[in-house]
Amino acid sequence: MKIYHKKNFKLGLWSLVLAALLLAAGLWRGNFDWKDGVLCALLAFLGGGNLIRSLSREMSREDKVEELDERNRLVKLKAQSQAYHISQFVFLCGASALCALGKWNGSMLWVGAGLGLMAAFLFALAADFITWVYYDEHT
């Protein structure tokens, strides 16, 4: 048995481990309901599918061609960039709203939550600046 696509193999193995951990934790605590069962089944099916695809030469070749396709890479890059900009906007709006609500309400709990979102926003800005500087120098 040869592994032809190591990334898919690791992803499939990780999904199966998560499914087993979810099943074990649910049974151990005694509160395993239908939602946990559905999630466990999905993780097991996806993990098994990824394992089977990683062990097949033809399927692995198809997966690698799909990953290296320029259009797919461009779509992924654009989607990640747009998701990043949307999350920055949500962090800023959420932080402003929570801080204003805390000030209006007189509750420091809301202000603290707003400052936490502001910290996430500032971290995203710092990461954006650092990566921009890096790629500007190395491209």
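**Close-up views of a five-helix model**

**View 1. Phe 32, at 29% relative accessibility, counts as partly exposed.** On this scale, buried means under 20% relative accessible area, exposed means over 50%, and partly exposed covers what lies in between, with a 1.4 Å probe and protein chains only. The model is predicted, so local features need a pLDDT of at least 70 and side-chain atom pairs count only at pLDDT 80 or more, while totals for chains, interfaces and linings use all residues. Residues are numbered from 1 along each chain as its sequence is written, and side-chain values use heavy atoms, with hydrogens and water left out. Phe 32 sits in the loop that links helix H1 (6–29) to helix H2 (34–55); helices here are DSSP runs of H or I with at least four residues, strands are runs of E with at least two, and both are numbered from the N terminus. If residues up to four places away in sequence are set aside, Phe 32 touches Leu 22, Leu 23, Gly 26, Leu 27, Gly 37 and Cys 40, where a contact means heavy atoms within 4.5 Å. One of these partners, Leu 22, is ten residues from Phe 32 in sequence, and their C-alpha atoms are 8.9 Å apart in space.

**View 2. Helix H1 and what covers its buried residues.** The 24 residues of H1 should span 34 Å at 1.5 Å a residue, and the end C-alpha atoms of H1 are indeed 34 Å apart, which agrees; the expected span is 1.5 Å times one less than the number of residues in the helix. Asn 8, Gly 12, Ser 15, Ala 19 and Gly 26 are the buried residues of H1, and their cover includes H2 and helix H3 (57–68). Val 17 also belongs to H1, but this residue is partly exposed, with a relative accessible area of 36%. Although Val 17 and Leu 43 are 26 residues apart in sequence, their C-alpha atoms are 8.9 Å apart in space. Just after H1, Gly 30 takes a positive phi of about 85 degrees.

**View 3. Helix H4 (70–105), with its buried residues and Leu 74.** For the 36 residues of H4, a rise of 1.5 Å a residue gives an expected span of 52 Å, and the end C-alpha atoms of H4 are 52 Å apart, which agrees. The residues of H4 that are buried are Gln 88, Gly 94, Ala 95, Leu 98 and Gly 102, and H5 is among the elements that cover them. Leu 74, which lies in H4, counts as partly exposed at 44% relative accessibility. Leu 74 and Asn 31 are 43 residues apart along the chain, and their C-alpha atoms are separated by 44 Å. Just after H4, Gly 106 takes a positive phi of about 80 degrees.

**View 4. Helix H5 (residues 108–138) and its cover.** The 31 residues of H5 should span 45 Å at 1.5 Å a residue, and the end C-alpha atoms of H5 are 44 Å apart, which agrees. Within H5, Val 111, Gly 114, Phe 121 and Ala 124 are buried, and what covers them includes helix H4.

**View 5. The whole protein, in which the sequence follows the pattern α-α-α-α-α.** The radius of gyration of the protein is 22 Å, well over the 14 Å that the globule rule gives for 139 residues, so the protein is more spread out than a compact globule; this radius is taken over C-alpha atoms, and the rule is 2.2 Å times the number of residues to the power 0.38. Taken along the principal axes, the C-alpha atoms fill a box of roughly 65 × 55 × 20 Å. Of the 139 residues, 18% count as buried. Among contacts between residues at least 6 apart in sequence, 59% join residues at least 24 apart.
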